[in-house]
Amino acid sequence: MGGGERNSIGALVSTVNTGETSTPAAAAVTAAGVVKEEVAAEKEEEVDKDMLCPICMQIIKDAFLTACGHSFCYMCIVTHLQNKSDCPCCSHYLTTNHLYPNFLLNKLLMKRSARQMAKSGTPVEQLRQAIQQGCEVSVKELDSLLSLLLDKKRKMEQEEAETNLQILLEFLQCLRKQKVEELNEIQNDLQYIKEDINAVEKRRIELYRARGRYSAKMRMLVDDSSAMTARPSSRDKGSGAIVSSSVNSQEQRRAGTSQTRNTDARAPANSQLVQWKDDNHGGSDSQDPNQPGKSIARKRRVHAQFNELQDCYLQKRRYWARQSQKEGEPIANVMNREGYSAGLEDFQSVLSTFTRYSRLRVVAELRQPDLFHSANVVSSIEFDRDDELFATAGVSRRIKVFEFSSVVNEPAEAQCPVVEMSTRSKLSCLSWNKYTKNHLASSDYEGIVTVWDVTTRQSVMEYEEHEKRAWSVDFCRTEPSMLVSGSDDCKVKVWCTKQEASVLTIDMKANICSVKYNPGSSAHVAVGSADHHIHYYDLRNISQPLHIFSGHRKAVSYVNFLSNHELGSASTDSTLRLWDVKENVPLRTFKGHTNEKNFVGLTVNSEYLACGSETNEVFVYHKAISKPAARHRFVSEDQNDPDGDMGSFFISAVCWKRDSPTILTANSQGTIKALVLAA
């Protein structure tokens, strides 16, 4: 209060000083008033201190006086005397028999409370205080007051009711808008479905007609071939009856009165032609006994993943509809040569690839136990440039290079590496040069990045700038002399095989688990970090990343590109994720495998993502479907370990064979399997 008065006095004094009249008297009067108020405030503060309970240091409530002349809150002093028998202020002997109500202090406290209420209390509190203190009010005044209160109550209830109705109305309007939008979306979806059904039915009719024409043409070819076979035979034998019979049967078959199998009986020489027809044409389901089974199996896969496929269809259909509207083209005009819209064509590709496979079949198995090292974890497995060789590396401190065709075609006991190179430390990652076939890069637990010449079995370059374990290394696809590495020292380093030192360093705040070049650019790198994020950098400006992709709940253990704009990632939160690095948006999350603590591998191609699991299984996902498309469990070779299949071992590395349904997998036992997607 004093400060406020000083401010107002200061303003007043400066205003008065601008005049020519004398001001000392006015200033003196004002100053005297201020002094009096300050003195009163100090006295009030002193009174307040005297009214504090020495025990709780709060304003005394229900004051009681001791025989030694000190006042306390009744509950405070009683509680004190339960433990001690002295006065808290003077230590005089004291019991509850020496306590007396302090009526005068209680009266003063009530008056003080009333003054404070009058100063700071609300009108309602003041009114309540006045009534409680016995303020004399007539019945007429009370009736008037009650009438005012009732009017105020009705007004407040009306305002509250209007507010509630306004909120309800806004909610209903918002709900109606949302449902109308959903209805419009459903109507649009139904229109898309109707158009696509018509397009598919039209295409089926065209195929049926084409097959009918093809069958008629094939029957004519078979008949002509039968006639050519029968006529020379009749001349050789000199039997006119056979010739006549052959000609008549030809005319009957052209008239459609005979079956193709009669031709097979009468003209065995046509068996190759008929077989060619069956193999290339396919015919009806009755011609291929396996065809109905395959069709049923694919339909079952559709029904098992119907919701996922439905979301995929609608997503693609809506996307292409928006694209066509942006370009100003009517949707009906955006058709391919088969009469399909772009969205339907895109979805048909997904549907055909997804339903084509349902399991992983083992085509080869390679067991390479290391006699000198009990640990056989394969940390990395990679195909070379031409998919002819593949290399493995891990904690055994050896890089082994195998010929893929030999592994697949030769017996297990004859399989051995064509090249083997020893290293000083455990290995974490491998990467083949995309241009120079015999160059292979490795990163190890000591932070050393090495470029090897597989032909000479010697290292070409060794880079030792990382201060801690290097987890990942990758050769650039568009600039073969460049490679990138990431380490536990929180640094990403870019190297050139023509230089002995790194050409670029990116300092980050968390450990680096994985690095990968964009396959279409030598300037863009994706970095998977222990901070749960993916940092996408343009190496021409490393001051900050182009974008940070967030979504994983734990460390990002792997990153890998499906295409120039699609990036896959794996994390120890047991998920894979797909991102669009062009639009900087998440596309899909994949769940099904278990990955909470180990590096289980990640490999991708244009359509599929595959990873390992801590259940000793390999999982394959189609990029458009969140649930697994296929899986395969490794069986433990240790028969004495009953839990070997589930808990002790895990898949540690995976790698697709380019443009192929074949995938190489390895587990923590050192077992390597070549698997192929199968129906």
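This report describes salt bridges, one helix, one sheet and two loop residues in a predicted model.

**An annotated region**

The UniProt record, an unreviewed entry, places a feature named "domain: RING-type" at residues 53-91. In the model, this stretch is 26% helix and 18% strand. The C-alpha atoms at the ends of residues 53-91 are 16 Å apart.

**Salt bridges**

Side chains of opposite charge can pair when their charged atoms come close. For this model, a salt bridge is counted when a side-chain nitrogen of Lys or Arg is within 4 Å of a carboxyl oxygen of Asp or Glu. By this rule the model has 26 salt bridges. Three of them are set out below.

| Salt bridge | N to O distance | Accessibility of the acidic residue | Accessibility of the basic residue |
|---|---|---|---|
| Asp-189 and Arg-318 | 2.5 Å | Asp-189: 8% | Arg-318: 22% |
| Asp-384 and Lys-437 | 2.4 Å | Asp-384: 2% | Lys-437: 24% |
| Glu-420 and Arg-398 | 3.1 Å | Glu-420: 37% | Arg-398: 19% |

Take the pair Asp-189 and Arg-318, whose closest N and O atoms are 2.5 Å apart. This pair links distant parts of the chain, since Asp-189 is in helix α6 (residues 139-237) and Arg-318 is in helix α11 (residues 306-326), 129 residues apart. Asp-189 has a relative accessible area of 8%, so the residue is buried. Arg-318, with a value of 22%, is partly exposed. The cut-off for buried is under 20% relative accessible area.

The second pair joins two loops. Lys-437 and Asp-384 meet through their side chains at 2.4 Å, N to O. Lys-437 lies in the loop between β9 (427-432) and β10 (439-444), and Asp-384 lies in the loop between β5 (378-383) and β6 (389-394), so the salt bridge ties together parts that are 53 residues apart in sequence. Asp-384 is buried at 2% relative accessible area, whereas Lys-437 is partly exposed at 24%. Both residues also belong to a network of salt bridges, which links Asp-384, Arg-385, Asp-386, Glu-388 and Lys-437.

The third pair is Arg-398 and Glu-420, with 3.1 Å between the closest N and O atoms. Arg-398 is in strand β7 (residues 398-403) and Glu-420 is in strand β8 (residues 419-422), so the pair links distant parts of the chain that are 22 residues apart. Arg-398 counts as buried, with a relative accessible area of 19%. Glu-420 is partly exposed at 37%.

**Helix α11**

How far apart are the end C-alpha atoms of α11? They are 30 Å apart. Helix α11 has 21 residues, and at 1.5 Å a residue the expected span is 30 Å, so the two values agree.

The buried residues of α11 are Glu-308, Leu-309, Cys-312, Tyr-313, Leu-314, Lys-316, Arg-317, Ala-321 and Ser-324. An α-helix has 3.6 residues a turn, so residues three or four places apart point the same way.

**The sheet from β21 to β24**

Four strands make up an open sheet, in the order β21-β22-β23-β24, with antiparallel pairing. The edge strands, β21 (556-561) and β24 (585-591), each pair on one side only. Ignoring direction, neighbouring strands of this sheet are turned by 20 degrees against each other on average.

Within this sheet, strand β22 (residues 566-571) pairs with strand β23 (residues 575-580) over six bridges, in the antiparallel sense. Ser-569 has its place in strand β22, and its bridge partner in β23 is Arg-577.

Is Ser-569 buried or exposed? Ser-569 is buried, with a relative accessible area of 0%. The side chain of Ser-569 also makes a polar contact with the side chain of His-552, at 2.8 Å.

**Two loop residues with positive phi**

Ser-574 is found in the loop between β22 and β23. Its phi is positive, about 65 degrees, although Ser-574 is not a glycine. Ser-574 is buried, with a relative accessible area of 16%.

Arg-397 is found in the loop between β6 and β7. Phi of Arg-397 is near 65 degrees, again a positive value in a residue other than glycine. Arg-397 is partly exposed, with a relative accessible area of 29%.

Definitions and conventions: Residues numbered from 1 in each chain as written. Predicted model: local features only at pLDDT ≥ 70, side-chain atom pairs only at ≥ 80, totals over all residues. Heavy atoms only, no water. UniProt positions renumbered as here; feature names shortened; annotations may be inferred. Buried < 20%, exposed > 50% of the residue type's maximum accessible area, 1.4 Å probe, protein only. Expected span 1.5 Å × (residues − 1). Pairing = 2+ DSSP bridges. Axes fitted to C-alpha atoms, helices over the stretch in contact; angles between N-to-C directions. Polar contact = N/O pair within 3.5 Å; in protein donor to acceptor, adjacent residues only side chain to side chain.
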